[in-house]
Protein chains: 2
Amino acid sequence: MSQVVISVSGKSASNTRLNIQARQFNFVADEPDGFGGTDQGPNPLEYLLGGYAACLNVVAHVVAREQHINIERLQINISGVLDPSKFLGLPTNQRVGLSSIDVEFDVDSDASPAQLEKWIAQVKQRCPAGDNLANGTLLSLAVKVPVAN
Amino acid sequence: MSQVVISVSGKSASNTRLNIQARQFNFVADEPDGFGGTDQGPNPLEYLLGGYAACLNVVAHVVAREQHINIERLQINISGVLDPSKFLGLPTNQRVGLSSIDVEFDVDSDASPAQLEKWIAQVKQRCPAGDNLANGTLLSLAVKVPVAN
């Protein structure tokens, strides 16, 4: 299967606001007032979890078709708990990211609970965003400065 | 530092489209035509990377202030490569998620290259979304079915 490149580009509009472009789409991230932002859009972790939810929706339907499960209605609720200490530079033994991520599939289906458990187990395995969150990903960060600098 | 709960809720509008709500905000994820979708919004991994970019923007400014670095302009470009084989249920030895994630900070600053490298190293350490991507996160998935089912 040929590989696919996924890319986004974000222009910093303030200390907290980023104007993000992905292909023909634009979306805005910001922080709420309580985090020093101007609350002009979802915050970064809301987009992260939203992307994971969206990935699960796609995979859920692919796997349901494979397993001959009929999904009449699906809502995906995701939450995580953050300790902002390390992000803010305060002493802590907590990790800087979400300590865990909980996903609830609120579903109407005529499938049995056992069939739905089998479905969810496969969905978890086959979700690209979930793999990147669960299993660690190599992140390479580089700075590009103007040649004349 | 008190903990913060981050949560989103997505309603499945089609096999590929998810209508996502985070606090007062709504955003739409979909897949392009080539992936069986209707291309009504960024795809799931674009939101995932967009959320990471937005997180980096916030942390970049926090750390720049701490390190007395002046950032005049900042653009954050992120890309990753996906092999869709496993997602589609095809035989493969590739992981299902992005194989790696590359971040470029395109920056105008009067700081030296060495100062900027030090800045980026700290930004990488202090970014919550980056921690969740780099270091693995416990994902708990559960199904909720109607009581009357």
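Let me start with one pair of residues: in strand β5(B), the bridge partner of Q75(B) is D106(B), where strands (E, at least two residues) and helices (H or I, at least four) are DSSP runs numbered from the N terminus. Before I go on, a word on conventions: this is a predicted model, in which local features need pLDDT of at least 70 and side-chain atom pairs count only at pLDDT 80 or more, while totals for chains, interfaces and linings use all residues. Residues are numbered from 1 along each chain as its sequence is written, chains are lettered from A and ligands numbered from 1 in the order in which they are written, and side-chain values use heavy atoms, with hydrogens and water left out.

Back to that pair, then. The strands concerned are β4(B) and β5 of chain B (residues 98-109), which pair in the antiparallel sense over 10 bridges, pairing here requiring that DSSP find at least two bridges between two strands. Along the same stretch of discussion, R73(B) stands opposite D108(B) in β5(B).

What does the whole sheet look like, in what order do its strands come? It is an open sheet of 6 strands in the order β3(A)-β2(A)-β1(A)-β4(B)-β5(B)-β6(A), with mixed pairing. At its edges stand β3 (25-29) and β6 (139-144) of chain A, and since each has a single partner strand, one side of each is left without a neighbour in the sheet. Neighbouring strands of this sheet are turned by 20 degrees against each other on average, direction ignored, with axes taken as lines fitted to C-alpha atoms, for helices over the stretch in contact, and angles running from 0 to 180 degrees between N-to-C directions.

Within this sheet, the chains meet where strand β1 of chain A (residues 4-12) and strand β4 of chain B (residues 71-82) pair in the antiparallel sense over 8 bridges. Two of the positions can be followed on the screen: V8(A) has I78(B) as its bridge partner in β4(B), and S9(A) stands opposite N77(B) in that strand. As a general reminder, in a regular strand the side chains alternate between the two faces of the sheet. β1(A) is also joined to strand β2 of chain A (residues 18-22), by 4 bridges and in the antiparallel sense; K11(A) stands opposite N19(A) there, and the two strands form a hairpin with 5 residues between them. Across this sheet lies helix α1 of chain B (residues 44-66), over β1, β2, β3 and β6 of chain A together with β4 and β5 of chain B, and the helix runs at about 150 degrees to β4(B).

Now the other sheet. Its 6 strands are also open, with mixed pairing, in the order β3(B)-β2(B)-β1(B)-β4(A)-β5(A)-β6(B). Here β3 (25-29) and β6 of chain B stand at the edges, each with a single partner strand, so one side of each is left without a neighbour in the sheet. The twist averages 20 degrees from one strand to the next. Strand β4 of chain A (residues 71-82) and strand β1 of chain B (residues 4-12) are joined by 8 bridges and run antiparallel, with I78(A) opposite V8(B) in β1(B). Helix α1(A) packs on the sheet, touching β4 and β5 of chain A together with β1, β2 (18-22), β3 and β6 of chain B, and its direction makes about 150 degrees with that of β4(A). Further along, strand β5 of chain A (residues 100-109) runs parallel to strand β6 of chain B (residues 138-144), with 7 bridges between them, and S100(A) has L138(B) as its bridge partner.

How much area do the two chains bury between them? The value is about 9,800 Å², 60% of it on carbon and sulfur atoms, buried area being the accessible area (1.4 Å probe) that two parts lose on being put together, summed over both. I6(A), L139(A) and L141(A) supply 8% of the area that chain A buries against chain B, more than any other three residues. The contact, meaning heavy atoms within 4.5 Å, takes 111 residues from chain A and 111 residues from chain B.Finally, the charged pairs: between chain A and chain B there are 6 salt bridges, each a side-chain nitrogen of Lys or Arg within 4 Å of a carboxyl oxygen of Asp or Glu. In one of them R95(B) pairs with D131(A), the closest N and O atoms being 2.7 Å apart. E46(A) forms a salt bridge with R23(B), with 2.8 Å between the closest N and O atoms; E46(A) lies in helix α1 of chain A and R23(B) in the loop between β2 and β3 of chain B, so the pair joins two chains.
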